[in-house]
Each structure stands twice: as C-alpha cells, then as structure tokens.
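Here are my notes on the model you sent over, point by point. Have the structure open while you read.

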Amino acid sequence: MRRALERSIPRPERYATMTRWASGSCSGTPRSRLTRRGAIGGAAALLIASSRRPASAFSDCLSTATLKSGLPIAIIQPPRPLPVVRLFRLEGGTLDLDSLRGKPLLVNFWATWCAPCRTELPVLDRLLRSRRIPDLRIVAVSHDKGGRSTVERYRKSIDLRELPIFLDPHEFVAYANRDNPNKAPFALYGMPITYLVSRSGLVVGYGSGSIDWLSEPALRILACLDDI
C-alpha cells in the first residue's frame, strides 16, 4: 500500500514537539509506501476542516505532559474537531464517531499484519478494563482487507475482551492511498497510530507506533483529555 499524503504533512523532529498547522496545510515529504512496521519516525495528519476554537483552548496540561513523557506522541495545534463518520462494528451494527463527544477518546488504527499492533492492542484492552481513566472510550479500527472472519480470528488469538473492534476495509474512515477517493477524514502513515480526542470533541494529538498506554507518562497524558 502507498502511504497517505495530505497536501502537505508536518514531520516533527521529535514526538514531544507541537505539530504546526496553517489552514490545514504544512510542508512535508511524500512517502511511497505504508510500511508494515510501527511508525516510530512517521507522522500523520487529519483532513478535517479548521477549528475556530482559539489557540488558548489548547491545554497546557497536555503539552507539558507530552513534553515530559518521552513517548512517541505529537500534539496537533490548533486542535481539530472530531469528524462526522460512521464506524462498522466487527459483530455487526454501526456507531457514529461523533456520538462519543463528551468522553475522552482514543481512535486507534491497526491491522492483523502489523507486528507492533499485536503488542499495543492488548494494552488498550487492559486500559479499557482498568478504568484508570474515568469515562475513557476507545475504538480500534482494523484496516484489513481480508474480511470479518480474518479480523475475528485475530481478535480471539490475542484475547481481546472489551476493546471495541471496527472494520474499515474500503478506507472510508482512514486512508493509505494518497488519492483518498472516499474522502476519508484520517490519514495513515504507519501502523499502529492512535489519535487522542478530548472530552470536548477535539482531536488534539496522535501517537505513532506501539505505546504502553498503561505507563504512568501515558496515563498523565490521557488524564489531560478531560481538561480540554
């Protein structure tokens, strides 16, 4: 698969730096393929309309926690509104993503062929079951093309108990093809990648590669999602 390309993409030198956005466009370098490795040095972008919310809404809590964490998490500034998109559940049925406004949210993209995903998904499942972050919601969206049965077998093989799994085989939610024919709102530059959404419904950052979301630095970042 080719890596997704927004009109121009920021590439922060370090994850603990703010991503610059100017009218939804920044300078960047095209990438030819979506690798089957964690995007340790990758970047991602959202094809979302500009937020009119003032820059002051950006949380000092989040920026400070991110800078101190040393985790591969970048901040989006200004934050972007959560897109209106429908998700398709693994077990059947749908969920409108914007119905989760009012709760802190992680939107994770993964695939069965992604080795780091096999590490990160169980951590997300344990995070959800731990209730360490009150009201936290997580959606894990599979980018696989192999069909429902492939994803279901994989889910069972890593013993995911509560983590909600969704399917996006046709790239209506996230795209890796630079042409983005379906106008999917999330761009992918590697697997896994997780977007952080505040309780107020703003996409404020993203983490690339497998992250230990139960670590104390990660929990401090997630706690900040209530403050935005």
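1. Before anything else, a word on what "strand" covers here: strands are DSSP runs of E with at least two residues, numbered from the N terminus. By that rule Pro78 lies in strand β2, residues 73–81. Keep in mind throughout that this is a predicted model.

2. The overall picture. The protein chain has four helices and 11 strands. Of its 228 residues, 54% count as buried. If you take the contacts with a separation of 6 or more, 77% of them are between residues 24 or more positions apart.

3. Back to Pro78, for its backbone. The peptide bond that leads into Pro78 from Gln77 is cis, and omega is near 0°. There is another cis bond to look at, between Met191 and Pro192, with omega about -10°. Whereas Pro78 sits in a strand, β2, Pro192 is in the loop between β9 (186–187) and β10 (193–197). These deserve a look because most peptide bonds are trans.

4. Now for phi. Most residues other than glycine have a negative value. Arg131 is not a glycine, yet its phi is positive, about 60°. You will find Arg131 in the loop between α2 (115–130) and β6 (137–142). Glu171 also has a positive phi, near 60°, and belongs to the loop between β7 and β8 (174–175).

5. Are those two residues buried or exposed? Arg131 has a relative accessible area of 52%, so it counts as exposed. Glu171 has 11% relative accessibility and is therefore classed as buried. For reference, the cut-offs are under 20% for buried and over 50% for exposed.

6. Strand β3 (residues 86–89) has two pairings to trace. With β4 (residues 94–96) it runs antiparallel, joined by three bridges, and Arg86 stands opposite Asp96 of β4. The two strands make a hairpin with four residues between them, and Gly92 in that turn has a positive phi of about 105°. With β7 (residues 165–167), β3 pairs over two bridges, again in the antiparallel sense. Here Arg89 of β3 has Phe166 of β7 as its bridge partner.

7. How do α1 and α4 meet? The axes of α1 (residues 60–69) and α4 (residues 216–223) come within 8 Å and cross at roughly 165°. That angle is over 145°, so the helices count as roughly antiparallel. The crossing is left-handed. On the α1 side the contact is made by Leu62, Ala65, Thr66 and Ser69, and on the α4 side by Pro217, Arg220 and Ile221. Sorted by type, these contact residues are four nonpolar, two polar and one charged.

8. Last, an acidic residue to click on: Asp125, in helix α2. With 1% relative accessibility, Asp125 counts as buried. What does it touch beyond its neighbours within four places in sequence? Its contacts there are Asp159, Leu160, Arg161, Glu162 and Leu163. Asp125 and Glu162 are 37 residues apart along the chain, while their C-alpha atoms are separated by 6.1 Å.

Definitions and conventions:
Residues are numbered from 1 along each chain as its sequence is written. This is a predicted model: local features need pLDDT of at least 70, side-chain atom pairs count only at pLDDT 80 or more; totals for chains, interfaces and linings use all residues. Side-chain values use heavy atoms; hydrogens and water are left out. Axes are lines fitted to C-alpha atoms, for helices over the stretch in contact, and angles run from 0 to 180 degrees between N-to-C directions. Angles under 35 degrees count as roughly parallel, over 145 as roughly antiparallel, 65 to 115 as roughly perpendicular and the rest as oblique. A crossing is left-handed if the near helix is turned anticlockwise from the far one by less than a right angle, and right-handed if clockwise. Contact means heavy atoms within 4.5 Å. Ala, Val, Leu, Ile, Met, Phe, Trp, Tyr, Cys and Pro count as nonpolar, Asp, Glu, Lys and Arg as charged, and the others, Gly among them, as polar. Two strands pair if DSSP finds at least two bridges between them. Buried means under 20% relative accessible area, exposed over 50%, partly exposed in between (1.4 Å probe, protein chains only).
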